[in-house]
Amino acid sequence: MTVYRNVVILTGAGISAESGLDTFRDKGGIWEKYDLMELATPEAFAQNPDLVHEFYNLRRAGVKKVDPNAAHYALARLEEKYSGEITVVTQNVDGLHERAGSKNMLHMHGELNKVRCGACGAVRFWSDDLSRASVCPCCGQAKHLRPHIVWFGEVPFHMDEIDGLLQQCDLFISIGTSGSVYPAAGFVQIATEYGAETVELNLVPSDGKNLFATGCYGRATEVVPDYIAELVRQDEM
Ligand code: OAD
């Protein structure tokens, strides 16, 4: 019987794929359809804010049309039932973990349903389209609001906190991420270095599969609930 005290779960786009959201690097994924250099960098936003707003408006509207799936719900159930501490660190900006009920979460790449004001620094919930004409609800200025998203070349959020969690966790689970983007791709090595057990749950083995002690492969809606059910069962024994 294995019961863990601190569990860190890293999630990526693959956990939301069966909710109907595109992943980034799979065939037909977002970065095959769109040029990330034109849409997901601070330079792109400075050069063509309308295009960047349009891209994130489409994605913000897209997430409203989908629902969390069995994998998101399994993680929320784990947090509710498990005796140890569960933290979900997500690269996803879609909000599906919270809608499924997860509470102890860190959004390292930001959130689609929030905006940030470049003038006053306020971060606010935002569910509508965003444009250069949008006015900051905090300081009343227009032209300064941007999606609260971490773009390429920017530092992800909560890195110190995540680093501390990785050093303390005894189980690190990576779900639905290709492990192509740092710093998230390096989390497994930090967790391993500090003695955690590591497991990858993904559709197929990722490029970083050898960094994990174990792996379970298949659709997130099947593999994740099965794996979580076993964790909960062992915890209850
Ligand atoms: P990727 O598109 O790079 O990887 C998605 C992973 O999910 C792949 O390894 C797939 O095999 C797996 N996958 C696909 N369908 C699945 C399913 N039904 N069940 C389980 N796994 C499945 O997405 P991320 O790793 O999340 O950053 O990408 C990381 C970051 O790169 C994103 O947060 C985003 C992107 O550029 C920013 O925009 C800053």
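**A colleague's note on the predicted model: salt bridges, cores and ligand site**

1. Let me start with the salt bridges, where a search of the whole structure finds 8; the term stands for a side-chain nitrogen of Lys or Arg within 4 Å of a carboxyl oxygen of Asp or Glu. Before reading on, please keep in mind that this is a predicted model, in which local features need pLDDT of at least 70 and side-chain atom pairs count only at pLDDT 80 or more, while totals for chains, interfaces and linings use all residues. Residues are numbered from 1 along each chain as its sequence is written, and side-chain values use heavy atoms, with hydrogens and water left out.

2. Have a look at Glu18 and Arg219, which form a salt bridge with their closest N and O atoms 3.4 Å apart. This pair links distant parts of the chain, 201 residues apart: Glu18 sits in the loop between strand 1 and helix 1 (30-33), and Arg219 in the loop between strand 9 (214-217) and helix 9. Helices (H or I, at least four residues) and strands (E, at least two) are DSSP runs, numbered from the N terminus. Glu18 counts as partly exposed because its relative accessibility is 31%, and Arg219 is partly exposed as well, at 44%. The cut-offs here are under 20% relative accessible area for buried and over 50% for exposed, with partly exposed in between (1.4 Å probe, protein chains only).

3. Another pair is Lys33 and Asp22, whose side chains meet in a salt bridge at 2.4 Å, N to O. Lys33 belongs to helix 1 and Asp22 to the loop between strand 1 and helix 1, with their positions 11 residues apart in the chain. Asp22 has a relative accessible area of 38%, so this residue is partly exposed.

4. Within helix 9, the side chains of Arg233 and Glu230 form a salt bridge of 2.7 Å, N to O. Because these two are 3 residues apart in helix 9, about one helical turn separates Arg233 from Glu230. Both have some exposure: Arg233 is partly exposed at 43%, and Glu230 is partly exposed at 32%. Salt bridges that share partners also join Glu18, Arg219 and Glu222 into one network.

5. Now for the interior. The largest nonpolar core has 24 residues, and those with the most contacts inside it are Ile9, Ile173, Val224, Ile228 and Leu231. At least two residues each come from strand 1 (6-11), helix 5 (70-81), strand 2 (85-90), strand 7 (171-175), strand 8 (197-202) and helix 9 (220-236), and helix 9 gives the largest share, 7 residues. A nonpolar core here is a set of buried Ala, Val, Leu, Ile, Met, Phe, Trp, Tyr and Cys residues joined through side-chain atoms within 4.5 Å.

6. Ile9 is a good place to zoom in. Leaving out residues up to four places away in sequence, Ile9 touches Leu75, Leu78, Ile86, Thr87, Val88, Val89, Ile173 and Ile175, where contact means heavy atoms within 4.5 Å. There is also a second, separate core of 17 residues, including Val52, Phe55, Tyr56 and Leu112.

7. You will probably want the ligand site next. The ligand is surrounded by 24 residues, the closest being Phe24, Arg25, Trp31, Thr177 and Ser178; a residue is near if one of its heavy atoms lies within 4 Å. One ligand oxygen is 2.5 Å from an N or O atom in the side chain of Ser178, and a ligand oxygen is 3.3 Å from a polar backbone atom of Gly176. A ligand nitrogen is 2.9 Å from a polar backbone atom of Ala220. The protein covers 94% of the 790 Å² of accessible area that the ligand has on its own, as given by the Shrake-Rupley method with a 1.4 Å probe; for residues, only the protein chains shown count as cover.

8. Thr177 lies in the loop between strand 7 and helix 8 (187-193) and counts as buried at 11% relative accessibility. Its side chain makes a polar contact of 3.0 Å with the side chain of Gln91. Such a contact is a pair of N or O atoms within 3.5 Å; within protein, one must be able to donate a hydrogen and the other to accept it, and residues adjacent in sequence count only if both atoms are side-chain atoms.

9. Finally, Arg124 is in strand 5 (residues 123-125) and is partly exposed at 36%. The C-alpha atoms of Arg124 and Trp31 are separated by 27 Å.
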